[in-house]
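Subject: Structure handover

Hello,

Here is the structure I promised you. Please open it alongside this note, and read on for what turned up.

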Amino acid sequence: MLRIPCPFCGERDHTEFSYGGDAGVDYPQIDSTDEKAWYEAVFLRENPRGPHKELWQHNYGCRMWIVVERDTMTHEIFSAEPAHPGVKAQLEKEAAK
Amino acid sequence: MSRQINRLGQGGAIDRSRTLSFSFDGARYEGHPGDTLASALLANDVRIVGRSFKYHRPRGVMSAGVEEGGALITTGSGARRTPNVRATTLELFDGLDTYGQNAWPSVRFDLNALNGLLARFFSAGFYYKTFMGPGRGTWAWMQYEKIIRRAAGMGEASREPDPDSYEIAHAHCDVLVVGSGPAGLEAARVAAEAGLHVILAEQDFAVAPSLLSETEGIGDEAPADWRAARLKALQAAGNVQIMPRTTVFGLYDGGVAGLAERVTDHLADPSPHLPRERFWILRTRRTIVATGALERSVAFGNNDRPGIMLANAARIYANRFGVAAGRRAIVATNNDSGYHSALDMAAAGVDVARILDVRERASDDFAARARAAGIEIMTNCVPVEAAARGTIGKLQIGRRSGATIRADEWLDCDLVAVSGGWTPVVNLLSHRGARPVYDESLATFLPGECAEPIRVAGSAAGVWRSEDCAQSGRAAGAAAARDLGKSALDEQAPAPGGWDRPIHPLWEVRVKGRKLRSFVDPQHDVKTDDIRLAHQEGYVSVEHLKRYTTLGMASDQGKVGNVIGLALMAKATGKTIAETGTTMFRPPYTPVSLGALAGRGCDEHFRATRYTPMHDWNMEHGAVMIDAGLWKRPWYFPAPGEDLTAAYERETAKVRETVGLCDVTSLGKIAVQGPDAAEFLNRVYVNGFGKLPVGRARYGIMLRDDGIVMDDGTTWRLSDSDFFMTTTTANAAKVMGFLEELLETRWPDLRVRVTTVSEQWAGLAVAGPKARQVLEAAVEDIDMSSEAFPFMGVREGHIGGAPCRVARISFSGEMAWEAYVPSDYGAAMCDAVWQAAEPLGGILYGTEALGALRIEKGHVAGPELDGRTTLEDLHLDRMASTKKPFIGNVLRKRPGLMTDDRPQLVGIVPKDRTRRLYAGALLHAPDRLSGHGEGWVTSVTYSPELGHWIGLGLIRGGVEAWSGKTAIHADPVRSGNTEVEITATHFIDPDGSRMHA
Ligand SMILES: [Zn+2]
């Protein structure tokens with residue numbers, strides 16, 4: 001069992017979360033008609049061994065989407081922060097106070 | 001009733017003032033509280049307790065713990081029959097009934113022992129060779145299976161449902177200490193004194209069990225006094241939770257440990273309110289593995305016979321249980337520890353005839369003490385072969401000269417206590433990926449490096465002396481405390497080892513010219529010859545060796561035999577043990593019952609059950625329920641004498657004729673709110689929502705990023721910035737998660753909030769030609785007229801006094817509304833509407849009629865939205881906007897998704913109108929009945945309106961390719977082949993005049 005440090009709820013069992021895949025995917029703008037860009041964003045994934053930034057949603061907690069950096073070999077978790085950039089900035093601002 | 005003839009006159013951690021009665025294979029015996037079944041059987045001189053797996057050789061007690069490979073028995077009867085229980089860990093209680101297994105008619109006279117004569121058929125790789133050869137596998141298996149299955153089985157599990165209850169429990173602590181020997185006790189004490197919350201888990205029913213058989217003092221204290229003082233302090237500490245009968249069976253990611261606690265197995269009459277076992281999921285910040293070490297055996301001839309056991313086990317039976325495991329003992333050892341067993345047995349009154357020490361010289365101290373006890377020491381001597389009729393009667397000894405053994409005289413004995421050295425229990429570290437490292441000088445595997453905050457202490461770290469183990473525990477406890485920011489003493493962990501004279505590695509005794517049956521894995525009957533055979537046949541990897549010979553694959557998972565097998569493989573390949581490697585141990589350390597892992601998640605508790613607010617109302621009105629995902633939904637409402645078919649056909653017809661009410665609460669409901677809500681919906685749905693007026697609803701379809709249809713539903717505009725979205729029942733959670741993901745990761749600039757309100761609103765569909773009449777009576781303050789409330793209109797008002805929101809939408813094709821009230825008013829809404837509908841000949845309908853109505857109308861639902869279909873496949877592509885971008889719009893146009901020959905949605909009608917259709921049937925061209933066909937049937941129903949069966953399905957090329965042609969509905973299992981026509985999907989009212997009325 002992984003233990004994921006939700007930035008809002010604290011450390012919780014991973015069974016409270018659902019996995020959302022690679023957090024590094026750059027989706028095209030919604031009005032982009034670039035087929036190749038959409039194809040790459042939707043279908044192509046690296047399969048790294050080692051640190052990997054990935055999305056998780058805290059379904060049975062705050063329901064927030066978070067970016068978790070996890071080692072795919074050891075399952076060690078290095079960080080977890082809000083996926084929403086505005087929320088992330090706000091948390092950082094409050095932490096700096 | 002037999003007397004306990006092997007019970008010593010005194011000593012042992014047993015309560016001699018009380019007597020417990022138990023049975024083994026129908027005979028009654030007596031023991032005492034504190035006994036295990038094994039110690040009680042030995043006390044009663046029951047020496048043959050089982051038969052081996054393949055050869056049915058007699059088996060006796062071989063150890064005094066979890067590593068037992070011989071004394072496996074069955075307990076209980078009926079639904080509580082439990083096979084393969086280790087007698088060595090089973091706590092005796094009054095009324096315990098046990099049975100020998102793997103033998104017929106009994107363990108003493110087993111006719112299957114003839115298998116021993118067929119040994120060559122059961123040698124290594126027998127299964128592979130016989131069943132995996134080219135072309136003969138299945139045939140051979142069919143021939144042999146029955147015989148082998150009967151002969152080569154262990155105990156048999158009950159086939160009845162488990163009558164006991166189990167629990168899953170959760171816990172947190174700062175430090176988990178696994179094992180309560182000297183190291184574990186000291187680690188727990190030091191960590192607790194630093195102010196940490198400690199859990200101390202012990203698999204035995206006695207805490208600190210090793211100290212109950214220890215006679216060497218710790219410091220100046222006798223072991224018993226030391227143990228009592230430490231336990232008293234821990235119990236008084238307040239921040240230490242001591243958990244006996246609790247096995248830490250696995251360590252997992254993130255400091256999570258799995259513990260199995262046996263709660264009632266040792267009780268004769270447990271409270272019905274207690275679970276039989278608890279599965280603890282423990283999160284700990286630091287773990288200290290103080291799991292001790294297991295003694296190894298030595299392979300020699302007939303070393304599996306009853307009366308041959310591990311040296312320390314014989315010591316435990318004498319010291320902890322007050323039982324003489326034999327009357328005339330020979331101790332065979334390659335290290336100092338065997339002398340403890342010899343000395344303690346002698347002190348307890350057992351005649352210890354010899355100590356065979358393979359080393360050239362014993363330690364001076366032990367030699368002097370043995371001489372003082374009158375025990376003759378034979379150095380450079382080893383056991384060669386046991387002579388046994390059932391149990392052992394004689395042992396032939398061998399004299400060593402260098403690496404050569406010469407067989408010599410036979411000695412009478414009824415007990416051979418063997419020590420081949422010790423192996424630290426590193427299983428838990430292995431669970432975390434840390435491989436053990438072989439130490440040549442100690443002839444043992446030591447724990448490897450572990451990157452996680454797990455420390456190993458005591459003999460699990462290769463520290464042999466109790467006093468050193470205690471120090472090792474203190475060091476580990478202090479280090480854990482410092483890790484967690486507490487101050488603690490700075491004690492150094494002692495180095496591994498601690499014997500006076502070094503061990504002489506001895507794995508197997510071989511004598512030139514002698515064919516010996518020497519066992520490595522007594523439970524699976526793996527012999528040393530099998531290891532060599534595997535090597536001759538080309539196996540060099542330890543993992544392959546294990547699978548080929550089944551070494552270490554029995555219920556003890558190679559706790560005693562694995563290292564010997566590894567050493568023999570190393571010798572055969574000419575490599576060192578370190579080069580040969582080791583197999584990884586995986587959880588669980590000892591078997592865990594499936595019941596404990598399931599906990600209370602059985603039967604109806606296997607998953608959550610969701611009830612709609614109208615559940616009781618539906619039940620009171622005669623509903624038969626069906627599971628729809630987690631939901632309980634009304635399936636049908638039978639009139640007296642009606643079955644499902646009669647009920648749904650009546651309900652379907654009545655909706656089209658008068659009016660019907662249906663609980664639709666299970667639909668997903670999401671509040672989409674904020675200034676950019678309309679823009680957000682515009683991006684999510686394929687059709688436009690930006691210009692949807694307030695007070696109107698629209699049917700919408702959303703795609704996945706890859707262009708496949710994800711879900712459909714209606715979304716209602718309540719105000720400029722407030723929308724009420726409905727989803728299908730099945731996809732409610734998925735859609736909600738996707739919307740949240742889009743807003744947080746892809747479009748964080750959109751000012752929109754989504755909130756699931758599925759639980760907040762109770763929904764009722766009112767459908768049929770008389771629906772308006774019903775709602776005019778039931779709704780208090782909304783004008784229901786056609787002009788004031790057009791198709792797809794949304795209004796808010798009151799029903800039965802409760803605030804409601806109502807939309808004129810139709811799933812059935814009839815004039816229909818969906819009304820929602822806050823959940824608490826669900827039953828009130830039903831009462832109000834039903835009061836108006838019943839006098840008009842209205843009915844209540846369930847999901848079966850709901851499905852029939854939508855199939856008649858040609859609406860898609862779950863079976864059609866199966867994650868493979870596109871808008872084009874479902875003829876919904878005209879809904880896709882060309883004026884705005886939306887999720888999936890680019891990839892839905894991939895060439896492979898746009899071909900004309902893709903399976904497309906069609907209607908299906910049997911040519912012979914009396915035939916029925918089946919969902920899941922394949923659709924074939926009449927001239928090609930083999931293969932996967934041209935399509936498949938997704939949904940079927942009998943249509944009361946049309947008077948015959950109809951269906952929806954997908955078929956290659958759609959209705960254009962099939963109009964005027966016959967297809968074959970192929971359903972070989974249920975109905976055979978049926979000729980069908982492929983039609984349009986709108987079976988009734990294709991122009992929609994009814995719902996727009
Ligand atoms: Zn959270």
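How many bridges join strand E16 (residues 328-333) of chain B to E17(B), and do they run parallel or antiparallel? There are six bridges, and the two strands run parallel. Please keep in mind that this is a predicted model.

**Around strand E17 of chain B**

Strand E17 covers residues 351-357 of chain B. Six of its seven residues are buried, so it is mostly covered by the rule that buried means under 20% relative accessible area. On the E16(B) side, B:Ile330 faces B:Arg354 of E17(B). Helix H7 (residues 337-347) of chain B belongs here too: E16(B), H7 and E17(B) form a right-handed β-α-β unit.

E17(B) also pairs with strand E18 (residues 376-379) of chain B. That pairing is parallel and has four bridges. Here B:Ile355 is opposite B:Ile377 of E18(B). Between E17(B) and E18(B) the chain passes through helix H8 (residues 364-372) of chain B, in a right-handed β-α-β crossover.

**The sheet with E37 and E40 of chain B**

Another part of chain B to look at is an open sheet of six strands. Their order is E38-E39-E40-E37-E31-E41, with mixed pairing. E38 and strand E41 (843-844) of chain B are the edges, each pairing on one side only. Strand E37 (residues 761-767) of chain B pairs with E40(B) in the antiparallel sense, over seven bridges. B:Ala765 has B:Glu818 in E40(B) as its bridge partner. As background, strands of a sheet pair through backbone hydrogen bonds, either parallel or antiparallel.

**Rings**

Over all chains, the structure holds 19 aromatic pairs. One of them is B:Phe789 with B:Trp817: the ring centres are 5.9 Å apart and the planes stand at 75 degrees, so the pair is edge-to-face. B:Phe789 sits in the loop between helix H20 (771-778) and strand E38 (794-799) of chain B, while B:Trp817 sits in strand E40 (residues 816-822) of chain B, so the pair ties together parts 28 residues apart in sequence. Both residues, B:Phe789 and B:Trp817, are buried.

Ring pairs also link a cluster of B:Trp716, B:Phe724, B:Trp761 and B:Tyr820. B:Arg805 lies over the face of B:Phe724, 4.6 Å from the ring centre. Elsewhere, B:Arg59 lies over the face of B:Phe519, at 5.5 Å from the ring centre.

**Chain A and its zinc ion**

Chain A has two helices and six strands. From the N terminus the elements run β-β-β-α-β-β-β-α. The C-alpha trace spans about 40 × 35 × 25 Å along its principal axes. Of the 97 residues in chain A, 34% are buried.

Which protein atoms hold the zinc ion as donors? They are A:Cys6 (SG), A:Cys9 (SG), A:His58 (ND1) and A:Cys62 (SG), at 2.0 to 2.3 Å from the ion. Along the chain they follow the spacing C-x2-C-x48-H-x3-C.

Why is the zinc arrangement tetrahedral? The four donor atoms subtend angles of 105 to 117 degrees, and that makes it tetrahedral. For reference, the ideal angle for four tetrahedral donors is 109.5 degrees.

Is A:His58 buried or exposed? A:His58 counts as buried because its relative accessibility is 0%. A:Cys62 is partly exposed, with a relative accessible area of 27%.

Best wishes

Key
Residues numbered from 1 in each chain as written. Chains lettered and ligands numbered in written order. Predicted model: local features only at pLDDT ≥ 70, side-chain atom pairs only at ≥ 80, totals over all residues. Heavy atoms only, no water. Buried < 20%, exposed > 50% of the residue type's maximum accessible area, 1.4 Å probe, protein only. Pairing = 2+ DSSP bridges. Right-handed = clockwise from strand over helix to strand, strands pointing away. Donors = N, O, S within 2.8 Å, 3.2 Å for Na, K, Ca; no water. Tetrahedral: all angles 85-135°; square planar, octahedral: opposite > 155°, others 65-115°. Phe/Tyr/Trp six-rings, centres within 6.5 Å; stacked < 30°, edge-to-face > 60°. Lys NZ or Arg CZ within 6 Å of the ring centre and 35° of its normal.
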